[in-house]
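The following note is offered to a colleague who is meeting this structure for the first time. Its points are numbered for ease of reference.

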Amino acid sequence: MKGKEFIKKRFFLIIVFLQLLIFNQVIGQISNIVSSVKIGDAKEKLPLAISAELFSAENISNISIAYKTFGENEFKKAEMLIAGNTASITLPPEVVIPPYLEYYLIINLRNGSTQTYPIDITQGVSPLQISVSAVSEKEKEIILLSPNPGEMLSGEELLISISFIKAPENIDVSKTKIFLNDADVTSYELLTGDLIVLSGENLAGKIGFGAKLLTVEVYDKEGKLYHTISRSFQVVSTEVALAVSSKWKYYGNLKGESRNENYNSASTWYNNISGEFNTSNNDIRFNAFAYLTSEDKENVQPYNRYSASFQAGDWLDLKAGDSYPIFPNLILDGARVRGFSGSLNLGAINLQTAFGETMRHVEGKLLQTYPAGTVPLGSDIILIDKLRNIYGQAELGTYQRNLLVVRPSFGSGENFQLGFSYLHAKDDNGSIKYGARPQENIVIGTDLKLAFDDQNFMFTSQAAISVQNKDISSGTITDAQIDSIFGKNSNLGISPSDFKKIRDIVGNFITVNQYLGPWNPQEFSSFASETALSLNYLNNNLRASYVYRGNDYQSFGQTFIRTDVKGINVVDRIRMLDNKLFVSFGYESLKDNLQNTKVATTTYQTISASVSIFPRVDFPNITIGYNNYDNNNGLNITNTQTAPFAVSDNTNRILMQLSYDFAAAGIRNSSSLSFTTSNRKDNTMAKMDANFSSGSLTVNSFWNQQLSSIFGIVFSSSEIQGTQFKYVTLSFGGKYLMLENKLQLIASLSPSFGDFQRQVLELTADYNVLANLNLMFQARLFRIPGASTNSIIGLVTRLSI
């Protein structure tokens, strides 16, 4: 047995060594904005929490995440919530699908520029990957009876109960190990037949308040790891637990922060406060949240967030304040709405709606005025005084944009649902003085879902058409203007009276003038549709879809959507060996130039393949993937007339991810290794050849109940048109608990060497003053040679009720 374990560990170490030795071109995640990204537990069909720690949020307007599942070419995008120096989001469960997710961050700065994390995504740098583990049938064999997921209870009430009644005969219950936040508490268990019980009374003084992660390792009679179960819950004070166990359960917390940022020799103080309150009684739930910060300024989009929600079972859901309502993705998805949203679900008939502000007004700035006759040309030249005919050059502001969406639907959605959507969004022309070209948009859509056999057979389809007015500042076209344009000498084929009738009808929905369009609906330029068929049989999940989006399609509720594209996508995920082995294939072929507005039509072809192994025993989890991206518009790259417009490039990408939990010398370790490399060959005259790779090794060690440590290494290299960029980053850190686990000390050091040089030191002290009161001191220092040393120092207070 010991020989086998030695071989397994040696196998993993050899893989690590070979990757670090062979793949000497790796790109790390460097950024002067994002310090690190934390990923929650990525399990199939469960929500996934992602948070980005920021060096400073001072110059950030907003941050969005772009993500996609295996086999897809198009990234979906959603805005992240910025609170202090952290941007966070929770991805919905339907997108958390094996074998992996890909993502990157889009950072919009206040000066109008945009960055990505990792940097140079637009130049071909590979996105980051998140391995998604599959659900095992073993979840039905070993049952964790208590505590319940997310349950709040006191230390005296804590009862860990595990049933092995349905476990197979080869399981040795006595070998089961139990961990709380990676601390081994197996010795406190009580084994009675097919049941393991661990009482909180036996753990008195050994666990503090706060979030807890329960991990149960089940072994067979040969001592091999058979299955692992994890569950999160919270330990709270007796007073809080009594309130939770009452008829009305409630929980709340307050958090205040004051921090000083010394950035490029400029010192700035920031203060913020946040509060959350939740209460429930059976099927009735109420939640309230508020985040107020001194970073919220009138000249940027809001940083403050506040919301309140009320839910009554599954049939009523009401939200006020800031929310991110989800409608069919062609209509509204991922956008923040400050106002009201809600849904009424009666089964046969349902209603969903949202209305409010998606952008608040930000006043512009007048830079210079021009009298009539001296006005230069420019997009930033606006009329200041209509009576005196005075124009001005301005730093253009942002109009307040208001949005209304309504979607009635028929059917519960379990087997059938037919929905109809209407969206109207309009800029408030009077919200600012110095602005230009306020806009208006309407979208009408329909969606259908048919599902049979417990949704193993599913057909979904949606379609929408949009109309947009790109400048409503002049208002609706007048009768005199119509008579002038469509009068006797007009050859437009429509009489003034007929056009006035059209104006009067359409004008009930949107402003009608010369900026309204498109005027060629017969060419489907503002039409969009998506259709998909999913079959899930014999451990084989096959999905085929078709997409069409005209180049003029526009929804102000879905500003990230890719237009001027049509094509097919086919993805097949094959599950084997009780979901221990995944083999996935994907093919996508898309084309643009749907309305013949370009010199040539480009075909975008993607081929994907992946193999994932989740052994759930003493052996690494492994994911290996391959992608080929080929883009070509067929123009002759040697012809001097067509060469400037030619598109002809091919990219090959390989990725590998390994994760392994093991024990060495009595110390539990959790390790992960990731590697990605890509090569792009550009055959056009631009010769934008590029080679990128990325890789990292991380080892978390849990020495005892008080001490844990982390070691990480990232190698980096890139080459674009012969220009190379290489560096390496090391990370060392640790966490220590003292004073009966009331004081938590965390420290980390991350130096970078090579073409990118930076040193980052982070220190945190978190003290549990009272049962429901914590004080936390944070200090972060980062230095770039040749530049000033920057720092962020803050104090955080947390109060739970």
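1. In this predicted model, Phe459 of strand S32 stands opposite Leu533 in S34. The two strands, S32 (residues 457-469) and S34 (residues 527-537), pair in the antiparallel sense, with nine bridges between them. Phe459 also has a counterpart in strand S31, where Leu450 stands opposite Phe459.

2. The pairing of S31 (residues 440-452) with S32 (residues 457-469) is likewise antiparallel and extends over 13 bridges. These two strands form a hairpin with four residues between them, and within this hairpin Asp453 takes a positive phi near 55°. As background for reading such pairings, side chains in a regular strand alternate between the two faces of the sheet.

3. A further partner of S32 is strand S33 (residues 516-517), which runs antiparallel to S32 and is joined to it by two bridges. In this pairing, Asn469 has Leu516 of S33 as its bridge partner.

4. Attention may next turn to another sheet. Five strands, in the order S11-S18-S17-S13-S14, make up an open sheet with mixed pairing. Strands S11 (152-154) and S14 (183-184) stand at the edges; each has a single partner strand, so one side of each is left without a neighbour in the sheet. S14 pairs with strand S13 (residues 177-180) in the antiparallel sense over two bridges, and Ala183 in S14 is the bridge partner of Leu180.

5. Two cis peptide bonds deserve inspection. The bond from Pro98 to Pro99 is cis, with omega near 5°; Pro99 is placed in the loop between strand S6 (86-91) and strand S7 (100-109). Ser146 and Pro147 are also joined by a cis peptide bond, with omega about 0°. Pro147 lies in the loop that connects strand S10 (143-146) and S11, and S11 is one of the edge strands of the open sheet described above.

6. Positive phi values also occur in loops. Asp564, a residue other than glycine, has a positive phi near 55° and is located in the loop between strand S35 (540-549) and strand S36 (565-576). Is Asp564 buried or exposed? Its relative accessibility is 8%, and therefore Asp564 counts as buried. Asn593 has a positive phi near 60° and lies in the loop between strand S37 (581-591) and strand S38 (603-613). At 7% relative accessibility, Asn593 counts as buried.

7. Asn304 is found in the loop between strand S21 (284-293) and strand S22 (305-312). Why does Asn304 count as buried? The relative accessible area of Asn304 is 16%, and the term buried applies because this value is under 20%. Apart from residues up to four places away in sequence, Asn304 touches Tyr291, Leu292, Thr293, Asp296, Asp322 and Arg338.

8. Thr268 belongs to strand S20 (residues 266-281) and counts as partly exposed, at 22% relative accessibility. Once its neighbours within four places in sequence are set aside, Thr268 is in contact with Glu58, Arg259, Asn260 and Glu261. From Thr268 to Val714 the separation is 446 residues in sequence and 32 Å in space, C-alpha to C-alpha.

9. The surface carries a nonpolar patch formed by Trp248, Tyr250, Phe277, Ile284, Phe286, Phe310, Leu318 and Ile801, which together have about 660 Å² of accessible area. Ile801 is located in the segment after strand S48 (790-800), and this residue is partly exposed, with a relative accessible area of 45%.

10. Some values for the whole chain complete the picture. The secondary structure comprises four helices and 48 strands. The radius of gyration is 29 Å, close to the 28 Å that the globule rule gives for 801 residues, so the chain is as compact as a globular protein of that length. Along the principal axes, the C-alpha atoms fill a box of roughly 95 × 65 × 65 Å.

11. Burial and contacts may be considered together. Of the 801 residues in the chain, 44% are buried. Among contacts with a separation of 6 or more, 58% are between residues 24 or more positions apart. The accessible surface of the chain is about 39100 Å², and carbon and sulfur atoms contribute 57% of this area.

Key:
Residues numbered from 1 in each chain as written. Predicted model: local features only at pLDDT ≥ 70, side-chain atom pairs only at ≥ 80, totals over all residues. Heavy atoms only, no water. Patch = residues over 30% accessible without salt bridge, like charges linked within 9 Å, V, L, I, M, F, W, Y side chains within 5 Å. Areas by Shrake-Rupley, 256 points an atom, 1.4 Å probe, with all protein chains shown as cover. Salt bridge = Lys/Arg side-chain N within 4 Å of Asp/Glu carboxyl O. Buried < 20%, exposed > 50% of the residue type's maximum accessible area, 1.4 Å probe, protein only. Pairing = 2+ DSSP bridges. Contact = heavy atoms within 4.5 Å. Rg over C-alpha atoms; globule rule 2.2 N^0.38 Å.
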